[in-house]
Amino acid sequence: MGDTSALDAQQSKLNAVLKLGGDPADLPFWDGCEVGQFMLHRCNVCQRAYWPASRCIEHGDESMVWVAASGRGTLHTYTIMHRAYIPSMKDKVPFVVGVVELEEGPFYHSNIIDCDHDSLRVGMKLMAKMALHESGLTVPMFVAV
Ligand SMILES: [Zn+2]
């Protein structure tokens with residue numbers, strides 16, 4: 001006898017991840033987002049951090065663990081989307097898609113939100129802010145700090 005509702009929640013999260021083309025190996029990351037933590041997959045031998053789930057390029061997968069990261073990063077590059085390529089995006093344009101260089105090293109693709117688009121600068125400091133995605137997943141987006 002298990003906790004059926006917890007299992008259901010976990011199953012619907014897995015379904016959402018798969019529907020978005022994600023990898024079940026990253027489920028601990030999505031679990032972290034739900035409690036406001038930005039998780040990274042880290043090698044406990046050399047402390048190198050990875051996203052998505054990976055194996056260390058030097059030490060393989062034996063020492064990989066999920067750890068809470070800072071959620072901080074800098075804007076590496078970005079684009080402002082002015083056109084809705086699918087109808088469901090019609091009410092969302094214009095929006096910003098950015099590549100964030102995380103403080104721990106990996107790059108993360110996300111939306112930059114709550115900002116004046118003219119104030120965006122490569123190298124600006126950003127912080128993750130969890131947001132509910134229409135898939136049902138809680139996802140990190142980024143805001144200026
Ligand atoms: Zn390593």
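## A tour from strand to core

Start by selecting R42 and A49: A49, in strand β2, is the bridge partner of R42. You are looking at a predicted model.

**Stop 1: the three-stranded sheet.** Now select residues 39-43, which form strand β1. Add β2, residues 49-50. Two bridges join β1 to β2, and the two strands run antiparallel. Next add β3, residues 64-68. Together they make an open sheet of three strands in the order β2-β1-β3, with antiparallel pairing. Where are the edges? The edge strands are β2 and β3, and each pairs on one side only. As a rule, strands of a sheet pair through backbone hydrogen bonds, either parallel or antiparallel.

**Stop 2: the whole protein.** Zoom out. The protein has two helices and eight strands. Along the sequence, the pattern reads α-α-β-β-β-β-β-β-β-β. The C-alpha atoms fill a box of roughly 50 × 40 × 25 Å along the principal axes. How much of the protein is buried? Buried residues make up 19% of its 145 residues. Look at the contacts too. Take those between residues at least 6 apart in sequence: 49% of them join residues at least 24 apart.

**Stop 3: helix α1.** Select residues 4-19. This is α1, with 16 residues. From its first C-alpha to its last, α1 reaches 22 Å, close to the 22 Å expected at 1.5 Å a residue. Click on N15, which lies in α1. Is N15 buried or exposed? N15 has 12 other C-beta atoms within 10 Å, so it is exposed. The cut-off for exposed is 12 or fewer. Then step to G21, just after α1. G21 takes a positive phi of about 80 degrees.

**Stop 4: helix α2.** Select residues 27-34, which form α2. Pick out F29, G32 and C33: these residues of α2 are buried. Why do they sit on the same side of α2? They cover an arc of only 100 degrees around the axis, and therefore share that side. What do the buried residues of α2 pack against? Their partners are β1, β3, β7 and β8, the last being residues 138-144. Just after α2 comes G36, with a positive phi of about 80 degrees.

**Stop 5: strand β4 and its partners.** Select residues 72-81 for β4. Add β5, residues 95-102. Eight bridges join β4 to β5, and they run antiparallel. Find Y78, which stands opposite G98 in β5. Now add β7, residues 125-132. How many bridges join β4 to β7? There are three, and this pair also runs antiparallel. Here G73 stands opposite L126 in β7.

**Stop 6: the nonpolar core.** The largest nonpolar core has 15 residues. Show M39, A69, V100, L126 and F142, the residues with the most contacts inside this core. Which elements give two or more residues to the core? They are α2, β1, β5, β6 (107-112) and β7.

**Last stop: L126.** Keep L126 selected and show its surroundings. Leave out residues up to four places away in sequence. L126 then touches G73, T74, L75, V100, I112, F142, V143, A144 and V145. Two of these names are familiar: V100 and F142 were in the core list with L126. For a final check, put a distance label between the C-alpha atoms of N15 and L126. These residues are 111 apart along the chain, and their C-alpha atoms are separated by 30 Å.

Conventions:
Residues are numbered from 1 along each chain as its sequence is written. This is a predicted model: local features need pLDDT of at least 70, side-chain atom pairs count only at pLDDT 80 or more; totals for chains, interfaces and linings use all residues. Helices (H or I, at least four residues) and strands (E, at least two) are DSSP runs, numbered from the N terminus. The expected span of a helix is 1.5 Å times one less than its number of residues. A residue is buried if 20 or more other C-beta atoms lie within 10 Å of its own, exposed if 12 or fewer, and partly exposed in between; C-beta atoms are placed from the backbone. Two residues are in contact if their C-beta atoms, placed from the backbone, lie within 7 Å. Two strands pair if DSSP finds at least two bridges between them. A nonpolar core is a set of buried Ala, Val, Leu, Ile, Met, Phe, Trp, Tyr and Cys residues joined through C-beta atoms within 7 Å. The arc is that of the directions from the helix axis to the C-beta atoms.
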